[in-house]
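Please prepare a guided tour of this model for a viewer session. Each stop should name a selection and then describe what is found there.

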Amino acid sequence: MQDFHHNRARDLLKNAEEIFDQEAVQTAVARMAGELNARFDHPENQEFPLVLGVMGGAVVFTGNLLPQLTFPLEFDYIHVSRYGDEDKGGAVVWKVIPRSNVVGRTVIVLDDILDEGETLAHVKQRLLDMGAAEVILAVFCDKAIGKAKPVTADIIGITIPNRFVVGYGMDAYGYWRNLPGLWAIRTEDLNS
Ligand SMILES: O=P(O)(O)OC[C@H]1O[C@H](OP(=O)(O)OP(=O)(O)O)[C@H](O)[C@@H]1O
Ligand code: HPA
């Protein structure tokens, strides 16, 4: 069983193409931190935003970005999944819902990828329905899918081509969230 997954993961990566290396990723994240600091790190800005990481894909992005933010904030997480171990999205499934600490707050939502936009549209609406004062969507990558999305991100790290990617928190079939760069999976290696 373990060797099946080990070999399948290695085969996927063998045929994949690195589209953004670690340095490019880190440069993009530093720029995003700068954009957030430019808005929130002022003595006259007395906000105390709530930063919400969308688990599990945002775990790496969140861990990199947070120490680069220089203003007072509270951190929490939510857990939503739409892809599971597939390469096509389905219904949005909530695993950990937002808490009452969102009420009246400026909420900065961190996610790894805006693909079809269903997940973050759902997340944003839920936060607003719960009473968040403002929701800022910060996504590490925005996939150019060639059609309109139900939501747009306020802060974007990189725009990626319309390909299924792994790395920097993103997975295919559970594999390769741990890669420091971004790799596009070969179409023939996808299930759908
Ligand atoms: O814009 P969308 O098409 O809705 O896709 C984006 C979402 O898909 C991924 O989550 P996934 O459901 O794979 O769960 P994961 O975070 O555990 O990988 C990713 O982390 C985003 O939250
Ligand atoms: O391209 C992707 N890769 C990994 N996870 C994803 N979730 C939505 N799109 C993607």
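Begin with the sheet of this predicted model: select its six strands, which follow the order β4-β3-β2-β5-β6-β7. The sheet is open, and its pairing is mixed. At the two edges lie β4, residues 93-96, and β7, residues 155-160, each of which pairs on one side only. With the strands still displayed, consider the twist: neighbouring strands are turned against each other by 25° on average, with direction ignored.

Next, restrict the selection to residues 106-114 and 134-143, that is, strands β5 and β6. These two strands run parallel and are joined by eight bridges. Which residue of β6 is the bridge partner of D111? Selecting V139 shows the partner in question.

Now add residues 22-40, which form helix α2. This helix lies across β5, β6 and β7, and its direction makes an angle of about 155° with β7.

For a wider view, select residues 16-171, the range that an unreviewed UniProt entry annotates as "domain: Phosphoribosyltransferase". Within this range, helix accounts for 25% of the chain and strand for 31%. The C-alpha atoms at the two ends of the range are 13 Å apart.

Finally, centre the view on ligand 2. Its surroundings consist of Y83, I113, D115, F164, V165, M170 and D171. How many residues of this shell are nonpolar, polar or charged? Classified in this way, the shell around ligand 2 contains five nonpolar and two charged residues, with no polar ones.

Conventions: Residues numbered from 1 in each chain as written. Chains lettered and ligands numbered in written order. Predicted model: local features only at pLDDT ≥ 70, side-chain atom pairs only at ≥ 80, totals over all residues. Pairing = 2+ DSSP bridges. Helix = DSSP H or I, 4+ residues; strand = E, 2+ residues; numbered from the N terminus. Axes fitted to C-alpha atoms, helices over the stretch in contact; angles between N-to-C directions. Contact = placed C-beta atoms within 7 Å. UniProt positions renumbered as here; feature names shortened; annotations may be inferred. Near = placed C-beta within 6 Å. Nonpolar A, V, L, I, M, F, W, Y, C, P; charged D, E, K, R; others polar.
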